[in-house]
Amino acid sequence: MGRVSAWEALLLGFVEGLTEFLPVSSTGHLTLLFHLLGLPIEGDAFLKTFLIAIQLGAILAILLLYGRRFALDRALWLRIAVAFLPTAAIGFLFYPLIKGVILGKDGIVVFFLFFVGLVLLLTDRLAERARYQDVLELPLSRVALIGVFQGLSALFPGTSRSGATILGGLLLGLRRKAAAEFSFLLALPTMLAAVGYDLLKSAPSVHDGGWGLLLLGFAAALLTALLTVRGMLALVERVGFKPFAYYRMALALVYAYFFLR
């Protein structure tokens, strides 16, 4: 814990807020940044908790941006609940594997950064023939499958929670903007459950100074995510997900060159 400075906590929070809702893998970026800063995430329980806990800032940004729709639209609640159930089941069953074994593994991050980028590039073409304009039009069976996509993303750092959810939405017939917005909304229960569960298990190991660092990362992630979400939707409506796909694949190659040799 003592290895993380205040400015590093702010920088990590900024990157979390910038990348959490983009289909580029926030975990992949943060793992790379930990390397660049010389922070040993694989052997440090606090850093793993920090990586998960600062997501609360990004969650609050979505609540501020979409809270009114979330509160008033009961049909939307049902779809979020249906998608959340398979995600929760996968996350609960595999939590020890995710936290203790998979999180921070460079080879896994690089592979899924590239692979999901490639699949997203191919899948983006389906949006031109998308059948559903809004998630409320999507059959519940397909909504549940989006939850499976999201749950599986937790098993493989570098996949991207939002990337997997958007990918699932596109494959199941959603328009680009609808897939992106449902990814944002589904993040609320998913990330609250994941972060809350981790903090309950990890809180005893976080000392007083650690909570201050978590708060700095939280604030940076909140402010950055507020700005990022709107910009992403505008970009997706104009050019689709191709820029994110190409970026993922390029980042994977750079990551592999510097850290897998």
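**View 1. The side chain of Q150 makes a polar contact of 3.1 Å with the side chain of T87.** A polar contact here is a pair of N or O atoms within 3.5 Å; within protein, one must be able to donate a hydrogen and the other to accept it, and residues adjacent in sequence count only if both atoms are side-chain atoms. Q150 also reaches T190, side chain to side chain, with a polar contact of 2.8 Å. Please keep in mind that this is a predicted model, in which local features need pLDDT of at least 70, side-chain atom pairs count only at pLDDT 80 or more, and totals for chains, interfaces and linings use all residues. Residues are numbered from 1 along each chain as its sequence is written, and side-chain values use heavy atoms, with hydrogens and water left out. Helix 7 (residues 140-153) is the home of Q150. Helices (H or I, at least four residues) and strands (E, at least two) are DSSP runs, numbered from the N terminus. Q150 counts as buried because its relative accessibility is 1%. Buried means under 20% relative accessible area, exposed over 50%, and partly exposed in between, with a 1.4 Å probe and protein chains only. Setting aside neighbours within four places in sequence, Q150 is in contact with T87, R161, T165, L186 and T190; contact means heavy atoms within 4.5 Å.

**View 2. The whole protein, for orientation, has 11 helices and zero strands.** Read from the N terminus, its elements run α-α-α-α-α-α-α-α-α-α-α. A compact globule of 261 residues would have a radius of gyration near 18 Å, and the 17 Å of the protein agrees with that. The radius is taken over C-alpha atoms, and the globule rule is 2.2 Å times the number of residues to the power 0.38. Along the principal axes, the C-alpha atoms fill a box of roughly 50 × 40 × 35 Å. Of the 261 residues, 54% are buried. Among contacts between residues at least 6 apart in sequence, 84% join residues at least 24 apart. The accessible surface comes to about 11400 Å², and 70% of that belongs to carbon and sulfur atoms; the areas come from the Shrake-Rupley method with a 1.4 Å probe, and for residues only the protein chains shown count as cover.

**View 3. Helix 3 (residues 45-53) is largely enclosed by the rest of the structure, because eight of its nine residues are buried.** The buried residues are F46, L47, K48, T49, F50, L51, I52 and A53. Two of these residues, I52 and A53, return in the next view as partners of V195.

**View 4. V195 and M191 both belong to helix 9 (residues 176-202).** An α-helix has 3.6 residues a turn, so residues three or four places apart point the same way. V195 is buried, with a relative accessible area of 1%, and M191 is buried too, at 2%. Not counting residues up to four places away in sequence, V195 touches I52, A53, Q55 and L56. From V195 to L56 the chain runs over 139 residues, yet their C-alpha atoms are 7.1 Å apart. By the same count, M191 touches E20, F21, Q55, A58, I59, R161 and G196.

**View 5. F70, in helix 4 (residues 55-72), is partly exposed.** Its relative accessibility of 24% is why F70 gets that label. Leaving aside neighbours within four places in sequence, F70 is in contact with W77, I80 and L188. Two C-alpha distances help to place F70: M191, 121 residues away in sequence, is 15 Å from F70 in space. F156, 86 residues from F70 along the chain, is separated from F70 by 29 Å.

**View 6. Two loop serines, S25 and S160, each have a positive phi in a residue other than glycine.** For S25, phi is near 75°. S25 sits in the loop between helix 1 (6-19) and helix 2 (26-37), and counts as buried at 1% relative accessibility. For S160, phi is near 90°. The loop that holds S160 lies between helix 7 and helix 8 (161-171). S160 is buried as well, with a relative accessible area of 7%.
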